[in-house]
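Colleague: I have just opened this one on my screen. Could you walk me through how the strands are arranged and what the cysteines are doing?

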Amino acid sequence: MPTMTTPTVLVSGATGGIGAALVDELLRRERHVVALGRDLDRLTDLARSRPGVRTVRADLEHPQSLSEALGPLLGEVEELSAFVHCAGLSPVASVTDSPVALWNRVLAVNLVAAAELTRLLLPALRTAKGHVVLVNAAPGLHGVPRWSAFTASKAGLSELADALRAEEAEHGVRVTGVHPGGTATETLRRVRADFDRPYDPQACIRPATLARAIVDVLESPRDATITELHLRPGP
């Protein structure tokens, strides 16, 4: 297991485009990484290609199962320097085409699982005076037709971040919401296709760039808290 002096970061959605880039950046800066994801094959590939990464298989669509999934980890890691929630679902569907099952899936992964993971990890985060980073939607995104479940979940994520920041200040835990504009991932390609909009990865933020920005937030001096970080594609 990592030594007590080596920062350990847990990343949810670690096999996605942003999550995998974040794992790489954390390793580059000599952090221990716990990679959480649902797809066992992808987690196996991630661990094989990045020696030293510990993987945890968990299904965020079922937040009630997370306590059991994290059980072995919680029993071994007493200090956690950061938790970064990168996981997310973003189906494109009108309200009339969004049954309860769709709402439940999106809210579970994007919001409820973030809250439950944070709750389970807070003892270790408090011990380390750690950092919670919640990757949110693009800056100013709200009220988008055919995207209500996604935008509602992300609005809830902002509320979670603000409440958590106020509650955990006395424990030294910092909380940051990260709002990236279009980032060159397979998820964005699918979303743009569903909206009948063009997708040009060269006009998007690169996942590696976003990952560097997130780790910079984690490394910021403790005399200040970056409450929100907004990123947009460059000119």
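Colleague: Let's begin with two strands: in which sense do β1 and β2 pair?

Modeller: Happy to help, and bear in mind that this is a predicted model. Look at residues 8-12, which make up β1, and residues 32-37, which make up β2. Five bridges link these two strands, and their sense is parallel.

Colleague: Which residue of β2 is the bridge partner of L10?

Modeller: Follow the pairing of β1 with β2. Across from L10, the bridge partner in β2 is V34.

Colleague: Which strands stand at the edges of the sheet, and why is one side of each left without a neighbour?

Modeller: The open sheet has seven strands, paired in parallel, in the order β3-β2-β1-β4-β5-β6-β7. An edge strand has a single partner, so one of its sides has no neighbour in the sheet. That is the case for β3 (54-57) and β7 (228-231).

Colleague: What is the average turn between neighbouring strands, and which strands does α2 touch?

Modeller: Direction ignored, neighbouring strands of this sheet are turned by 15° against each other on average. Helix α2, residues 40-49, packs on the sheet, and its direction makes about 175° with that of β3. The strands α2 touches are β2 and β3.

Colleague: Now the cysteines: how many disulfides are there in the whole structure?

Modeller: A disulfide needs two cysteine sulfur atoms within 2.5 Å. For C86, the closest cysteine sulfur is in C204, 17 Å away, which is too far for a bond. C86 is buried at 16% relative accessible area, and C204 is buried at 11%. Searching the whole structure gives a disulfide count of zero.

Terms used:
Residues numbered from 1 in each chain as written. Predicted model: local features only at pLDDT ≥ 70, side-chain atom pairs only at ≥ 80, totals over all residues. Heavy atoms only, no water. Pairing = 2+ DSSP bridges. Helix = DSSP H or I, 4+ residues; strand = E, 2+ residues; numbered from the N terminus. Axes fitted to C-alpha atoms, helices over the stretch in contact; angles between N-to-C directions. Contact = heavy atoms within 4.5 Å. Buried < 20%, exposed > 50% of the residue type's maximum accessible area, 1.4 Å probe, protein only.
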